[in-house]
Amino acid sequence: MNFDRVDEYLKRELKKEKTYGMSCRVMQGYETVYNKSFGFADKENGKKMQGRELYNLYSMTKPLTCTAALQLFEKGYFLLNDPLYEYIPEFRDMTFKDADGSIKKCSRDILIRDLFTMTAGFDYNLEGEFIKAARQNGKTDTLSVIKELSKYPLSFEPGRRWQYSLCHDVLAALVETVSGEKFSEYVKKNIFAPLGMTRSGFNPKDFDEGDFAVQYKFNEKTQKTERTNLQNMFRLGNEYESGGAGLISCIGDYSKIAMALANGGIGRNGAKILGRRTIELMKRNHLTPEQLPTLDWRELTGFGYGLGVRTLMNPEKAETNAPVGEFGWNGAAGSYLLVDTE
């Protein structure tokens with residue numbers, strides 16, 4: 001395979017100076033067919049990208065969290081149409097804020113399916129009263145924070161529309177409740193360890209800060225790329241493990257879960273983390289005809305939304321030559337996952 005055009009593209013992007021470094025890895029089956037790094041992990045100190053750097057992967061945590069939850073689904077711990085309150089009772093009898101500002105009782109319960117598909121009615125307000133209350137109570141572990149979230153009205157009735165939100169953080173709390181383990185411990189035991197992902201986790205204290213690539217942000221106003229700190233605003237407390245945005249990992253480790261998802265749930269080392277049919281279910285569009293128009297991000301034109309992942313439905317509308325059914329997600333600081341099972 002010739003990847004000269006990939007080299008050219010990545011180098012061209014670097015010249016724009018909206019980012020200073022990048023790594024890209026492509027696998028076919030279990031063979032790595034492309035693996036290169038360009039630019040700087042720390043431009044100011046002249047430290048070049050090596051391909052081993054750690055990153056805050058932010059929302060690319062979501063496919064991992066949904067994989068963990070789908071493992072429990074496979075084992076029969078819950079059904080997708082089960083009400084969430086059957087597992088976390090605090091979510092019984094939820095209310096929502098109507099368009100006129102009035103608070104009304106929801107006509108139906110939040111279903112576990114709604115958590116996967118971002119249709120439960122939550123928002124992404126990280127300064128919400130729920131987290132302030134959790135901090136005041138001194139309980140900022142994952143399950144305590146999510147239970148606090150249940151006390152506040154939803155943005156809309158469950159199932160009404162798609163809205164990017166804390167749904168997958170709630171899903172991580174569900175994993176904790178069903179498995180009886182901390183989310184990070186469950187993931188370590190059932191995904192990281194089987195696949196040999198030794199440089200992944202949720203606690204920054206478990207890693208050497210010097211192993212991280214510097215995080216940069218392009219300032220639209222000044223048109224300059226600025227160095228930022230590594231603090232992750234989605235970590236809502238010292239013990240909080242965000243299923244939506246808390247993962248720390250590197251391209252080598254994350255490629256192991258990508259390979260498993262692309263190859264029927266089986267990793268390169270033979271470890272099975274998910275069934276082939278479950279992956280087919282994961283990548284299928286789950287939004288109804290009424291919900292689909294609310295998936296209104298410009299970059300998702302032509303895509304549907306599966307169980308925690310975008311999924312390509314219409315290449316013409318998406319203006320892409322990617323294959324129908326490719327799926328994945330991305331992260332706020334520039335990480336990107338694409339899986340093509342075919």
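This is a short tour of one chain, from the whole fold down to two loop residues. The model is predicted.

**Whole chain.** Select everything and show it as a cartoon. Ten helices and twelve strands make up the secondary structure of the chain. Now show the C-alpha atoms alone: along the principal axes they fill a box of roughly 55 × 40 × 40 Å. The radius of gyration is 20 Å, which agrees with the value near 20 Å that a compact globule of 342 residues would have.

**Inside and surface.** Colour the residues by accessibility. Of the 342 residues, 52% count as buried. Switch to a surface view: the chain exposes about 17100 Å², and carbon and sulfur atoms supply 46% of that area.

**Contacts and charges.** Consider contacts between residues at least 6 apart in sequence; 66% of them join residues at least 24 apart. Next, colour the charged side chains. The chain has 47 positive and 46 negative charges, and the mean positions of the two sets are 3 Å apart.

**Aspartate 93.** Select α2 (62–74) and β5 (95–97), then the loop between them, where aspartate 93 is found. Is aspartate 93 buried or exposed? Its relative accessibility is 48%, so aspartate 93 counts as partly exposed. Look at the backbone too: phi of aspartate 93 is near 60°, a positive value in a residue other than glycine. Most residues other than glycine have a negative phi.

**Glutamine 223.** Move on to the loop between β7 (215–219) and β8 (224–228), which holds glutamine 223. Phi of glutamine 223 is also positive, near 60°, and this residue is not glycine either.

Methods
Residues numbered from 1 in each chain as written. Predicted model: local features only at pLDDT ≥ 70, side-chain atom pairs only at ≥ 80, totals over all residues. Heavy atoms only, no water. Helix = DSSP H or I, 4+ residues; strand = E, 2+ residues; numbered from the N terminus. Rg over C-alpha atoms; globule rule 2.2 N^0.38 Å. Buried < 20%, exposed > 50% of the residue type's maximum accessible area, 1.4 Å probe, protein only. Contact = heavy atoms within 4.5 Å. Areas by Shrake-Rupley, 256 points an atom, 1.4 Å probe, with all protein chains shown as cover. Lys, Arg positive; Asp, Glu negative; His and termini not counted. Charge placed at Lys NZ, Arg CZ, Asp CG, Glu CD.
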